[in-house]
Amino acid sequence: MKLFTSDIVVDAPPEKVWDILADFPAYPEWNRATRIEPDAKKPDAITYGMTAVRPNGQEMSWRLTGRLLERRKPDLITWRLGMRGFVVLCMSYALTPRGNQTHVQFSAEVSGLVPRVFPKHFPNLLPDPMAGTLRDLKRRAEAGARRSAPGPTTGKKPRHGGPPPRRR
């Protein structure tokens, strides 16, 4: 098992930050790195997608199905993804008030066969997208009523947890 955490302090109350994080369909409006798509038929079923960049600069997108474990406003959202034994990710956003601000911790616990077989590969793809998600969250929560999508940092349009590009 490997645990990753990333955290940030947001200049907004926990209720506002939680509302942004809990609104999964709005993720494409503000989040460059991750997507959470709820299943229309099962309220606790989700598909989680993430785009990461390997050390060689190559992008890698992946999607895993799972389920929401807890949505406790205004301090916690947790979910579990993957296939037991093969790869399992237990992820969460934990929110803690700090005066008029909110401390947000994004954590991911990775277990199963894949992280043991590829200890330097799969799990190490998580920290950068997790930190990017928190930076995008901070930008969104502190922007007030503005609802603009973040612009790409390069001339290339980023993919968001979708299928990898087709090889030619």
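1. A residue counts as buried when its relative accessible area is under 20%. By that cut-off, 43% of the 168 residues of this protein are buried. Keep in mind that the model is predicted.

2. Start with the parts list. The protein has four helices and seven strands. Their order along the sequence is β-α-α-β-β-β-β-β-β-α-α. A strand opens the pattern, and two helices end it.

3. Next, the contacts. Take those in the protein with a separation of 6 or more. Of these, 58% link residues 24 or more positions apart.

4. Now the surface. The protein exposes about 9,600 Å². Carbon and sulfur atoms supply 53% of that area.

5. Look at strands β3 and β4. Strand β3 covers residues 45-53, and strand β4 covers residues 59-72. They run antiparallel and are joined by nine bridges. To find one pairing on screen, pick M50: its bridge partner in β4 is W62.

6. Which residue in the turn between β3 and β4 has a positive phi? Residue G57 does, with a phi of about 95°. The two strands form a hairpin, with five residues between them.

7. Strand β4 also pairs with strand β5, residues 76-83. This pairing is antiparallel too, over six bridges. Here R67 has R80 as its bridge partner in β5. Three residues make the link in the hairpin that joins β4 to β5.

8. To trace this part yourself, follow the chain from β3 through the hairpin into β4. Then take the next hairpin from β4 into β5. Strand β4 pairs with β3 and with β5.

Conventions:
Residues are numbered from 1 along each chain as its sequence is written. This is a predicted model: local features need pLDDT of at least 70, side-chain atom pairs count only at pLDDT 80 or more; totals for chains, interfaces and linings use all residues. Side-chain values use heavy atoms; hydrogens and water are left out. Buried means under 20% relative accessible area, exposed over 50%, partly exposed in between (1.4 Å probe, protein chains only). Contact means heavy atoms within 4.5 Å. Accessible areas come from the Shrake-Rupley method with a 1.4 Å probe; for residues, only the protein chains shown count as cover. Two strands pair if DSSP finds at least two bridges between them.
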